[in-house]
Amino acid sequence: MELSLRPAGPEDIDLLYRWANDPVTRQNGFHTEQISYEEHRAWYAGVMQDDSTLLYICLEDHKPVGQIRLRVEGGQALISYSVDPENRGRGVGTRLLGLAEERLKREYPRAELLWGEVKYENVPSLRAFEKNGYAREDRENCVVYRKEI
(Lines give C-alpha, C1' and ligand atoms only; values in the text may rest on other atoms or scores of the structure.)
Protein backbone atom coordinates (compact mmCIF):
# COMPACT_ATOMS: atom_id res chain seq x y z
CA MET A 1 0.00 0.00 0.00
CA GLU A 2 1.42 3.33 -1.12
CA LEU A 3 0.65 6.26 1.19
CA SER A 4 1.29 9.96 0.73
CA LEU A 5 0.61 13.18 2.62
CA ARG A 6 -0.95 16.38 1.41
CA PRO A 7 -1.59 19.55 3.38
CA ALA A 8 -5.13 19.78 4.72
CA GLY A 9 -7.25 22.54 3.21
CA PRO A 10 -10.64 24.16 3.73
CA GLU A 11 -12.30 21.30 1.83
CA ASP A 12 -11.26 18.83 4.57
CA ILE A 13 -13.22 20.42 7.43
CA ASP A 14 -16.18 18.00 7.27
CA LEU A 15 -14.02 14.91 6.82
CA LEU A 16 -11.92 15.81 9.85
CA TYR A 17 -15.06 16.57 11.84
CA ARG A 18 -16.42 13.08 11.12
CA TRP A 19 -13.14 11.44 12.03
CA ALA A 20 -12.78 13.52 15.23
CA ASN A 21 -16.21 12.41 16.45
CA ASP A 22 -15.74 8.74 15.63
CA PRO A 23 -16.44 6.81 18.88
CA VAL A 24 -13.04 5.06 18.93
CA THR A 25 -11.23 8.34 18.25
CA ARG A 26 -13.12 10.03 21.11
CA GLN A 27 -12.39 7.08 23.40
CA ASN A 28 -8.65 7.23 22.63
CA GLY A 29 -8.45 11.01 22.97
CA PHE A 30 -7.66 12.87 26.15
CA HIS A 31 -10.91 14.83 25.72
CA THR A 32 -13.53 12.14 25.25
CA GLU A 33 -16.65 14.25 24.81
CA GLN A 34 -18.20 14.78 21.37
CA ILE A 35 -17.15 17.94 19.56
CA SER A 36 -19.79 20.32 18.25
CA TYR A 37 -19.51 21.52 14.68
CA GLU A 38 -19.18 25.12 15.91
CA GLU A 39 -16.23 24.14 18.15
CA HIS A 40 -14.64 22.21 15.30
CA ARG A 41 -15.11 25.07 12.84
CA ALA A 42 -13.43 27.55 15.23
CA TRP A 43 -10.60 25.11 15.95
CA TYR A 44 -10.08 24.37 12.25
CA ALA A 45 -9.97 28.06 11.32
CA GLY A 46 -7.30 28.55 13.99
CA VAL A 47 -5.24 25.62 12.73
CA MET A 48 -5.42 26.87 9.14
CA GLN A 49 -4.05 30.26 10.28
CA ASP A 50 -1.36 28.87 12.63
CA ASP A 51 2.07 28.65 11.03
CA SER A 52 3.31 26.43 13.87
CA THR A 53 0.73 23.71 13.15
CA LEU A 54 1.15 21.37 10.21
CA LEU A 55 -1.98 19.38 9.34
CA TYR A 56 -1.84 16.67 6.70
CA ILE A 57 -4.29 14.28 5.14
CA CYS A 58 -2.88 10.82 4.51
CA LEU A 59 -3.89 9.37 1.15
CA GLU A 60 -3.90 5.89 -0.32
CA ASP A 61 -4.57 5.96 -4.06
CA HIS A 62 -5.93 9.52 -3.68
CA LYS A 63 -8.42 8.38 -1.01
CA PRO A 64 -8.15 9.89 2.51
CA VAL A 65 -7.25 7.21 5.08
CA GLY A 66 -6.02 9.31 8.02
CA GLN A 67 -4.72 12.61 9.29
CA ILE A 68 -1.74 13.82 11.28
CA ARG A 69 -1.11 17.11 13.02
CA LEU A 70 2.30 18.38 14.10
CA ARG A 71 2.43 21.31 16.51
CA VAL A 72 5.95 22.73 16.16
CA GLU A 73 7.41 24.75 19.01
CA GLY A 74 11.11 25.49 18.94
CA GLY A 75 12.88 22.30 17.96
CA GLN A 76 10.03 20.01 19.05
CA ALA A 77 6.88 18.78 17.36
CA LEU A 78 3.89 17.29 19.18
CA ILE A 79 2.13 14.57 17.18
CA SER A 80 -1.60 13.94 17.03
CA TYR A 81 -3.05 11.57 14.47
CA SER A 82 -6.02 9.40 13.66
CA VAL A 83 -6.91 6.77 11.10
CA ASP A 84 -10.18 6.58 9.19
CA PRO A 85 -12.37 3.95 10.90
CA GLU A 86 -12.65 1.89 7.70
CA ASN A 87 -8.85 1.71 7.39
CA ARG A 88 -7.86 0.69 10.92
CA GLY A 89 -5.93 -2.51 11.48
CA ARG A 90 -3.96 -2.20 8.24
CA GLY A 91 -0.81 -0.50 9.58
CA VAL A 92 -1.82 2.96 8.33
CA GLY A 93 -0.93 4.61 11.66
CA THR A 94 2.56 3.13 11.69
CA ARG A 95 3.32 4.30 8.16
CA LEU A 96 1.64 7.66 8.79
CA LEU A 97 4.08 8.38 11.63
CA GLY A 98 7.02 7.55 9.36
CA LEU A 99 5.73 9.79 6.57
CA ALA A 100 5.20 12.68 8.98
CA GLU A 101 8.75 12.33 10.29
CA GLU A 102 10.15 12.52 6.75
CA ARG A 103 7.96 15.51 5.93
CA LEU A 104 8.96 17.36 9.11
CA LYS A 105 12.66 16.82 8.38
CA ARG A 106 12.18 18.45 4.95
CA GLU A 107 9.91 21.32 5.99
CA TYR A 108 11.33 22.10 9.44
CA PRO A 109 15.00 21.10 9.37
CA ARG A 110 15.50 22.78 12.77
CA ALA A 111 13.13 20.26 14.40
CA GLU A 112 15.09 17.91 16.63
CA LEU A 113 12.45 15.99 18.54
CA LEU A 114 9.08 14.41 17.79
CA TRP A 115 6.85 13.40 20.67
CA GLY A 116 3.36 12.17 21.41
CA GLU A 117 1.17 11.09 24.30
CA VAL A 118 -0.88 7.88 24.11
CA LYS A 119 -3.40 6.41 26.55
CA TYR A 120 -2.52 2.93 27.78
CA GLU A 121 -5.75 1.56 26.30
CA ASN A 122 -4.84 2.74 22.80
CA VAL A 123 -2.83 -0.36 21.88
CA PRO A 124 -2.66 0.34 18.11
CA SER A 125 -1.04 3.75 18.70
CA LEU A 126 1.33 2.33 21.32
CA ARG A 127 2.49 -0.19 18.72
CA ALA A 128 2.75 2.42 15.95
CA PHE A 129 5.08 4.62 17.98
CA GLU A 130 7.19 1.65 19.08
CA LYS A 131 7.48 0.28 15.54
CA ASN A 132 8.81 3.71 14.50
CA GLY A 133 11.58 3.61 17.10
CA TYR A 134 10.19 6.07 19.67
CA ALA A 135 11.51 5.86 23.23
CA ARG A 136 8.76 5.04 25.74
CA GLU A 137 8.24 6.77 29.08
CA ASP A 138 5.38 5.46 31.22
CA ARG A 139 3.44 8.08 33.13
CA GLU A 140 0.45 7.84 35.44
CA ASN A 141 -2.32 8.16 32.81
CA CYS A 142 -0.43 7.82 29.52
CA VAL A 143 2.73 6.88 27.72
CA VAL A 144 4.96 9.63 26.38
CA TYR A 145 6.93 8.75 23.27
CA ARG A 146 9.97 10.72 22.10
CA LYS A 147 12.22 10.43 19.11
CA GLU A 148 15.20 12.55 18.11
CA ILE A 149 15.33 13.22 14.39
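A nonpolar core, as the term is used here, is a set of buried Ala, Val, Leu, Ile, Met, Phe, Trp, Tyr and Cys residues joined through side-chain atoms within 4.5 Å. In this structure, which is a predicted model, the largest such core has 28 residues, and those with the most contacts inside it are I68, L70, I79, Y81, L104 and F129. The elements that give two or more residues to this core are the strands β1, β2, β3, β4, β5 and β7 together with the helices α4 and α5 (123-131), and α4 gives the most, with five residues.

To see how these elements are arranged, it helps to turn to the sheet. Seven strands form an open sheet with mixed pairing, in the order β1-β2-β3-β4-β5-β7-β6, and its edge strands, each of which pairs on one side only, are β1 (3-7) and β6 (135-138). Neighbouring strands of this sheet are turned by 30° against each other on average, direction ignored.

At one edge, β1 runs antiparallel to β2 (residues 53-60) and is joined to it by five bridges, with R6 standing opposite I57 in β2. At the other edge, four bridges join the antiparallel strands β6 and β7, where D138 stands opposite V143; these two strands form a hairpin with four residues between them.

Helix α4 (residues 92-107) packs on the sheet, touching β1, β2, β3, β4, β5 and β7, and its direction makes about 50° with that of β1. Leaving aside residues up to four places away in sequence, L104 touches L54, L70, V72, A77, P109, A111, L114 and I149. A second, separate core of ten residues includes L15, Y44, V47 and L55.

Methods: Residues numbered from 1 in each chain as written. Predicted model: local features only at pLDDT ≥ 70, side-chain atom pairs only at ≥ 80, totals over all residues. Heavy atoms only, no water. Pairing = 2+ DSSP bridges. Axes fitted to C-alpha atoms, helices over the stretch in contact; angles between N-to-C directions. Contact = heavy atoms within 4.5 Å. Buried < 20%, exposed > 50% of the residue type's maximum accessible area, 1.4 Å probe, protein only.
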